[in-house]
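User: I would like a close look at one part of this model, with the numbers that go with it. Please keep to what can be computed from the atoms.

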Amino acid sequence: MSAYTDKRDEIKSELSFLDERLRAQLAAAGQAIVESDTTPHEASHDEASHDEASYASLIASDAQIQSRLKELQKMRDRIVEIGNRLTEIKQADDELEKRRKELGAELEPHYEAIGENAFRVYRNNPLVDQEYADIFTPVQEAHEEIKQTRAELDQAESELENRPFLEKMVVRGRIIVLRNRLSLRENQIARLYRDAGRQIAATDFITTIGDPELERAAAPFLEKTEETHRLEDESASLREEREALEGELRTLGVERRPAARLSDIDSLIQTAESERKESLIAVANAVREAMPDADLGDEVRAELESVAAIERDREDARERLERVEAAIQAERLLGEKSQLETTIGRKRSQIEKLQADIEGLEREKAGLESMITAAEQRRGAEADLLES
């Protein structure tokens, strides 16, 4: 491969880079022009009016594109912001739920003490509301059954001493049954206290009665209950915020997953950015053509001078490319010429060989002709030869 080919590829890459730089610089110049509110003008009034109308149309179109682009970017940023906040809300709500479960486990041990003390207050206060009486009924019935069972057990044990042997066996059997029943009911008391305590805790019994011992037993529970209520309020607040944000997402076009909508918006932003770039390039070119010598301001002038510098670099690169391509063409033509010369030489060699072959054949032909003449002379007349 020719060294010129590599150089041509290098210059083409340079030109491609310069083309992109030129477009970017034209867009930067257009941005500076739009921000400086430059207005083109010419010496001719008619031409100036036409140029100003064309320029105004470009500026108005650019403003519309810019406005649409900003709205799309704002929409995208808001969707991302909402998505991030919803993630934070979910994490916060998960933490709240975890803490609520922990509190539920921490509350459980306090129900028995609350139930036992509340039952004590209830038993000593005949004026308790029926609502609370219904709660304590299972505990009351268990206590009465325990009391009755103990009485029956005491009676049976007292009868045991003065009974005959067989009757003692019957009484002992009855004592075993009573003891098992008593043990079962006593073991149930703790659960019944917990059930009653759980129900009482959901009412205002503790604060209404004002019993010091009951309040001391309920104090740790009330502290944790207060925390539970605070967690519930926080969870409700997060839930309201989540619902509001999800509603806002729907107004922004998000049906299910924000990622799908963001992909659509990114495509629209990419299109709008491309349109904006073309619009700014058109503005810059319009100003360069309509007012090359006008006072555009230092910033605009600097941007346009950068455009001119890149164009000079491009022109230089194009000239170098033309020279390299000419060199490649000359190199190719020289190669073709060399191939033709080789072919001509080969053909000439072939001709010389053929000429030598012809000369040899001519000599062989002449020899044959001499031999024919000699043979014909010895033969004589052909007619006489056939008739003899």
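How many aromatic pairs does the structure hold? Please take the rings in detail, then add what there is on the largest pocket and on Arg 100.

Analyst: This is a predicted model, and it holds four aromatic pairs. Phe 119 and Phe 136 form one of the pairs: the ring centres are 6.0 Å apart and the planes meet at 55 degrees, so the pair is tilted. A pair counts as tilted when its planes are neither under 30 degrees apart, which would be stacked, nor over 60, which would be edge-to-face. Phe 119 sits in helix H2 (residues 45–124) and Phe 136 in helix H3 (residues 130–159), so that this pair links distant parts of the chain, 17 residues apart. Both Phe 119 and Phe 136 are buried.

Phe 119 also pairs with Tyr 193. Here the ring centres lie 6.3 Å apart with the planes at 55 degrees, so this pair is tilted too. Because Phe 119 belongs to helix H2 and Tyr 193 to helix H4 (residues 165–201), the pair ties together parts that are 74 residues apart in sequence. The relative accessible area of Phe 119 is 0%, so Phe 119 is buried. Tyr 193 has 8% relative accessibility and therefore counts as buried; the cut-off for buried is under 20%. Ring pairs join Phe 119 and Tyr 193 with Tyr 122 and Phe 136 in a cluster.

Next, the pocket. The largest pocket has a volume of about 160 Å³. Two elements, helix H5 (205–209) and helix H6 (212–251), each give two or more residues to its lining. Helix H6 gives the most, with five residues. Among the lining residues are Leu 107, Ala 201, Asp 204, Ile 206, Phe 221, Leu 222 and His 229. By class, the lining has five nonpolar residues, five polar residues and one charged residue.

Last, Arg 100. Arg 100 lies in helix H2, the helix that also holds Phe 119. The side chain of Arg 100 makes a polar contact of 2.4 Å with the side chain of Glu 97. Leaving aside residues up to four places away in sequence, Arg 100 touches Asp 93, Leu 231, Glu 232 and Ser 235.

Methods:
Residues are numbered from 1 along each chain as its sequence is written. This is a predicted model: local features need pLDDT of at least 70, side-chain atom pairs count only at pLDDT 80 or more; totals for chains, interfaces and linings use all residues. Side-chain values use heavy atoms; hydrogens and water are left out. On a 1 Å grid over the protein atoms alone, a cavity is a set of points where a 1.4 Å probe fits but cannot get out, and a pocket is an open set with protein on both sides within 12 Å along at least five of seven lines; lining residues have an atom within 4 Å of a point. Grid points are joined across faces, edges and corners, and a volume is the space filled by probe spheres set on the points. Helices (H or I, at least four residues) and strands (E, at least two) are DSSP runs, numbered from the N terminus. Ala, Val, Leu, Ile, Met, Phe, Trp, Tyr, Cys and Pro count as nonpolar, Asp, Glu, Lys and Arg as charged, and the others, Gly among them, as polar. Rings of Phe, Tyr and Trp (its six-membered ring) pair if their centres lie within 6.5 Å; planes under 30 degrees apart count as stacked, over 60 as edge-to-face and the rest as tilted. Buried means under 20% relative accessible area, exposed over 50%, partly exposed in between (1.4 Å probe, protein chains only). A polar contact is a pair of N or O atoms within 3.5 Å; within protein, one must be able to donate a hydrogen and the other to accept it, and residues adjacent in sequence count only if both atoms are side-chain atoms. Contact means heavy atoms within 4.5 Å.
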